[in-house]
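Dear colleague,

I am handing over the structure below, and I would be grateful if you could look through it alongside the notes that follow.

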2 protein chains.
Amino acid sequence: MDVKYKFIVTKIAEDISSGIYKETKKLPTVEELMEFYNVSRSTIRQAISTLVDRGLIYQVQGSGIFLRTNPEGCINLQYMRGLSGDFSKEKISTKVLELKVIKADKELAQKMKCKEDTEIYFIKRLRYIDDEEYMVEYSYYNKDIVPYLNIEITEKSIYSYINENLKLNIGFSDKVIYCEPLTAEHSELLKLKEGEGSLVIEDTVFLTNGLLFDTSKCIYNYKYAKILSLSNFK
Amino acid sequence: MDVKYKFIVTKIAEDISSGIYKETKKLPTVEELMEFYNVSRSTIRQAISTLVDRGLIYQVQGSGIFLRTNPEGCINLQYMRGLSGDFSKEKISTKVLELKVIKADKELAQKMKCKEDTEIYFIKRLRYIDDEEYMVEYSYYNKDIVPYLNIEITEKSIYSYINENLKLNIGFSDKVIYCEPLTAEHSELLKLKEGEGSLVIEDTVFLTNGLLFDTSKCIYNYKYAKILSLSNFK
DNA sequence: TCGCATTTGTACGTATGTATC
DNA sequence: GGATACATACGTACAAATGCG
């Protein structure tokens with residue numbers, strides 16, 4: 001991390017979560033941050049802008065930089081770090097129900113923007129928070145991009161493996177969120193009743209170069225799952 | 001709109017939606033845009049950055065600026081313009097079920113971050129898309145900030161009234177999204193069955209200066225409502 | 001109410017680094 | 001390896017909103 005503004009983003013985010021601004025709910029001025037980090041105005045502004053995008057702070061012209069209050073225990077859409085990022089205090093566990101390589105049929109090929117018969121990792125997981133059934137996840141990874149996955153990796157965080165081991169850079173994602181009645185199978189897995197509602201997120205994830213490498217469908221237990229979206233009007 | 005980069009944002013967004021880049025799926029280079037708009041590099045970069053945040057485009061270092069495919073008919077979380085913005089082709093209508101001024105009790109005062117007994121506009125609306133029952137909305141506006149509302153305004157877009165008539169600048173919002181069984185009343189309004197799931201968005205909206213002026217709870221018909229979130233990993 | 005100091009917003013210019021093709 | 005194109009970083013000037021006296 002030798003990029004200055006990214007280092008500053010991480011540092012300020014840590015400072016905020018450590019609570020050192022909780023009295024004033026206000027950050028130092030841009031001028032003060034420039035001096036503290038010994039960088040230019042635009043470098044501080046870029047770091048601040050990133051934190052504004054993540055929903056941690058907001059700026060008021062002529063007044064200062066203020067903290068945004070940030071509910072815990074929600075799936076955060078602005079800054080995705082997987083379940084373990086959103087639930088740092090809770091115990092997370094994962095049961096891998098299925099893990100295999102399949103060949104993309106016409107429908108899957110269209111979804112994954114790849115050719116038919118491309119090899120795809122298919123993973124079905126049941127995930128728990130504090131030992132409660134939290135969600136059922138179906139995910140698909142293009143094997144041309146993610147050449148190897150095993151039970152050990154899929155029991156933990158697939159994303160940190162992709163990031164740290166494969167050195168791939170995740171860029172952006174499209175999420176479609178809706179509500180759907182539970183099927184018999186899912187209601188059993190989540191210990192709910194058939195026909196009750198569930199919260200569903202269909203996710204399509206791209207690398208920074210625009211390549212689609214992952215799609216998934218997650219069916220959440222409506223009793224526990226809350227999504228948080230911290231957005232800006234720009 | 002005499003701010004250059006905002007003008008350019010609007011222009012490029014129009015160009016994209018008009019389809020002039022649909023062949024190449026690629027924007028002109030930063031250099032070319034600088035020349036075309038006769039502005040500096042940083043002004044173009046700021047405009048492009050805004051469009052990246054809105055999920056319209058993505059940049060690849062060394063390669064160019066590319067279009068992101070953008071599903072229609074969804075509630076867009078990145079760039080909120082109300083129902084009429086998300087459903088430009090459909091017919092939208094609104095039935096105002098209730099409109100009155102109330103005094104904030106302890107619970108509402110906490111939610112609206114105001115003092116108890118502050119006057120609050122309460123509005124209950126049923127909204128239709130193509131004559132189908134789409135959602136029930138309960139909204140609350142702080143009367144100190146939004147001093148006047150009537151049936152005519154609430155039948156149309158409250159936000160455009162706030163923006164254009166009151167000249168208030170909407171800054172950011174927290175949305176909590178979850179799934180909840182329908183009550184008897186809501187199932188009747190939405191023509192669904194009691195106990196079926198519904199998609200719920202609780203929204204807390206702030207002005208650019210950080211003042212909370214609006215909270216709302218929307219209960220969506222799960223058969224029609226889809227939310228789209230176009231996010232970036234930064 | 002007015003004016004001034006503070007603080008963020010917009011815009012320009014330049015140089016160098018780094019990924020892609 | 002070279003050309004192209006985006007990314008990072010520095011610096012400067014002035015505009016606009018806020019807040020205080």
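The notes below take up DNA strand C and then a pocket.

This is a predicted model, in which local features need pLDDT of at least 70 and side-chain atom pairs count only at pLDDT 80 or more, while totals for chains, interfaces and linings use all residues. Residues are numbered from 1 along each chain as its sequence is written, chains are lettered from A and ligands numbered from 1 in the order in which they are written, and side-chain values use heavy atoms, with hydrogens and water left out.

Around DNA strand C there are 23 residues, of which Arg45(A), Lys4(B), Ser42(B), Thr43(B) and Gln61(B) come nearest (a residue is near a strand if one of its heavy atoms lies within 4 Å of it). Of the strand C atoms within 4 Å of the protein, 69% belong to sugar or phosphate, and the rest to bases. Among the polar contacts (pairs of N or O atoms within 3.5 Å), a backbone N or O atom of Lys4(B) lies 2.4 Å from a phosphate oxygen of strand C, whereas an N or O atom in the side chain of Arg41(A) is 3.0 Å from a base nitrogen.

The second largest pocket (on a 1 Å grid over the protein atoms alone, an open set of points where a 1.4 Å probe fits, with protein on both sides within 12 Å along at least five of seven lines; lining residues have an atom within 4 Å of a point) is lined by 25 residues, with Lys111(A), Glu202(A), Asp203(A), Thr204(A) and Thr215(A) nearest its centre. Its space is about 580 Å³, a volume being that filled by probe spheres set on the points, which are joined across faces, edges and corners.

With regards

Key
Polar contact = N/O pair within 3.5 Å; in protein donor to acceptor, adjacent residues only side chain to side chain.
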